[in-house]
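This briefing is for a reader who is meeting the structure for the first time. Please look over the sequence and the model below before reading the points that follow.

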Amino acid sequence: MRWSQTFVPTLKESPSDAEITSHKLLLRAGLVRKLTGGLYTFLPMGLRVLRKIEQIIREEMNRAGGIEVLMPALQPPEIWQQSGRYETARDVLFKVKDSAQREWVLGPTHEEVITHLAASEINSYRQMPKNFYQIQTKFRDEIRPRFGLMRAKEFIMKDAYSFDATDEGAMASYRRMYDAYTRIFSRCGLKAFPVEADTGVIGGNYSHEFMVPAETGENDVVYCETSGYAANIEKATSRGPLLVTPSASTGAAPEKFATPGVVTIEALTAAPYGVEAHRQIKTLVYVADSDVILILLRGDDQLNEAKLMARTGAIQVRPATPEECASTLGARPGSLGAVAGVPAKVKVYADDALRGASGMVTGANDDGFHYRHVDIERDIRVGQWADFRTVRAGELAVASGQPLKIRRAIEVGHVFKLGTKYSEKMGAMFLAESGQRFPCVMGCYGIGVTRTLQAVIEQCHDDNGISWPLGVAPYQVCLTPLSVMAGSQPLVQAEKLYAELTAAGIEVLIDDRDERPGVKFKDSELVGFPLRVNLGEKSLAKGEIEIKPRNGAMFAVPIDQATTRVLEWLRQQAAPAVG
């Protein structure tokens, strides 16, 4: 391919609305162009990378026993109502109407569609295991699309769905996908690692996310270098807070005292009160589905809403409004507590870090007043104890006892063991060898294809531009003749080298633009071709061609050895086979 025959509109400056490095480079290197917030057109270089990532995914999915299908993006709302997600996922659902005013859903994912298919076609244990996958466009109503392809309204995803007759079989399917994901990201040149994860609105009871370390990532990953433990912050656990919760009882009954104007943890720690945050009980009022509940935490801890949903079984949770707090407890936020005035119908949840806590201070359900000398197990009616807190850096890992660390990361893949959540609701049943009917045991497995492309850029770049791993680069070699006049020696040699390399199966781009060498070199590094071959009058006169690896020093080789040396370099750089 000649540069002049394709379309690579590089930019010298980053667009003002590009927030992170990979987003800037997507635009500057001419890979995509923005239509509007969350919608992008893929240009030739970007599309070539996208197709290579898709091909890697296909090869590894097929290797793991996946069967490729293609499901409709336009879906009837009835199947979403049947699964129960029409309401729980309503915040991300795009809904459209046809000319007859019938409503449709633009698919953000395809659990409902594939389960409907399985319910119609799979009826015997002999037909399983099966794992169907597709690579297709998804739609999600992101309120704040940002970071380019990272959080877009329209994106390309690989989603797969396994069906098994037993839980053991489902775990085997899960492991095959887990291993396939490891190979996929390795072949894409990504340093991705799996972490324990919350299952969120998709559901299920076993899940891992594949994360790419990046300071600009939207996920916090908690990890222990000693034990190898890693989990999304929504799932992470520890041995508890570093400061010990007070447990020495004073024996005194709760005593109400005035705290006028004190409505925050910080205000109560200040003079004249001086109550340290870890000696306070924070009382949060939430609405879980339709029920008002209380959650008690230490004053220095933060609620983890994902854990709250998991522990309560609620499909949706939200903080209660000040008006709801007042109507439930008789006071407004800042003076709330669970010692007195809690209606019997309101369930109280308490974080495990508060077990045995004595000598604590909490709101009195009377604006401007608190209680001191609170013994939580004596004075508060706790309905359920569980881990509701967000882990902090420095706390000790459960297994190793070593300090936990937290780093930012980009999620590129997610594997779930769904169980029978969807098959039961949507009638995906099979006849077992015993003659009984059971629901299929399901798993689902997603990779954000467009997000993976940008994650590669986020991880593989320098001050000069992108540095594509060989397996996903738009072209492996960029030939750069410094003179493009017809019949010039640089162009003649470039054409000869192009023919020899393409005959050897190498993807080559000739930069045949009539531009200054500096412009060509900068663009080559910006777009990120793994290898650039310079062909200039001076070097050719010495019988040499210059080879410049994207991440290495330039070296000269004899003209008659150029093809061999390029092929040798490419073979050395090729990623080793992953088991």
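In this predicted model, R298, D300, D301, R389, R392 and E395 are joined to one another in a network of salt bridges. Across the structure 45 salt bridges are found, and three further pairs are described below, after the domains and one of the helices.

**Domains**

- The domain assignment divides the chain into domain 1, made of residues 20-189 + 423-458, domain 2, made of residues 255-386, and domain 3, made of residues 475-573.
- Taken over C-alpha atoms, the centres of domain 2 and domain 3 are separated by 68 Å.

**Helix α6**

- Helix α6 covers residues 167-187, and because each of its 21 residues should contribute 1.5 Å, a span of 30 Å is expected, which agrees with the 30 Å between its end C-alpha atoms.
- The buried residues of α6 are G169, A170, S173, Y174, M177, Y178, A180, Y181, R183, I184 and F185.
- After α6 comes G189, which has a positive phi, near 85°.

**Salt bridges that involve helix α2**

- Within helix α2, which runs over residues 44-63, R51 and E54 lie three residues apart, or about one turn of the helix, and they form a salt bridge whose closest N and O atoms are 3.1 Å apart.
- The two partners differ in burial class, because R51, at 44% relative accessibility, counts as partly exposed, whereas E54, at 6%, counts as buried.
- K52 forms a salt bridge with E507, with 2.3 Å between the closest N and O atoms.
- This pair links distant parts of the chain, since K52 belongs to helix α2 while E507 sits in the loop between α13 (489-503) and β28 (508-510), 455 residues apart.
- K52 is buried, with a relative accessible area of 14%, while E507 has a relative accessible area of 25% and is therefore partly exposed.

**The salt bridge between R550 and D462**

- R550 and D462 form a salt bridge in which the closest N and O atoms are 2.7 Å apart.
- R550 lies in the loop between β30 and β31 (555-558) and D462 in strand β25 (residues 461-462), so this pair ties together parts that are 88 residues apart in sequence.
- R550 counts as buried because its relative accessibility is 6%, whereas D462, with a relative accessible area of 30%, is partly exposed.

**Cavities**

- How many cavities of 30 Å³ or more does a search of the whole structure find? The search finds two.
- The largest cavity, with a volume of about 60 Å³, is lined by I20, F147, M150, T216, G217, E218, N219, I410, E411 and R451.
- By class, the lining of the largest cavity is made up of four nonpolar, three polar and three charged residues.
- The second largest cavity has a volume of about 30 Å³, and its lining consists of S524, E525, F529, L531, R532, K548, P549 and R550.
- Two or more residues of that lining come from each of the elements α14 (517-527), β29 (531-535) and β30 (544-549).
- Four charged residues, three nonpolar residues and one polar residue make up the lining of the second largest cavity.
- R550 thus appears in two places in this account, as one of the residues lining the second largest cavity and as the salt-bridge partner of D462.

Notes:
Residues are numbered from 1 along each chain as its sequence is written. This is a predicted model: local features need pLDDT of at least 70, side-chain atom pairs count only at pLDDT 80 or more; totals for chains, interfaces and linings use all residues. Side-chain values use heavy atoms; hydrogens and water are left out. Helices (H or I, at least four residues) and strands (E, at least two) are DSSP runs, numbered from the N terminus. The expected span of a helix is 1.5 Å times one less than its number of residues. Buried means under 20% relative accessible area, exposed over 50%, partly exposed in between (1.4 Å probe, protein chains only). Domain bounds come from an automatic or database domain assignment. On a 1 Å grid over the protein atoms alone, a cavity is a set of points where a 1.4 Å probe fits but cannot get out, and a pocket is an open set with protein on both sides within 12 Å along at least five of seven lines; lining residues have an atom within 4 Å of a point. Grid points are joined across faces, edges and corners, and a volume is the space filled by probe spheres set on the points. Ala, Val, Leu, Ile, Met, Phe, Trp, Tyr, Cys and Pro count as nonpolar, Asp, Glu, Lys and Arg as charged, and the others, Gly among them, as polar. A salt bridge is a side-chain nitrogen of Lys or Arg within 4 Å of a carboxyl oxygen of Asp or Glu.
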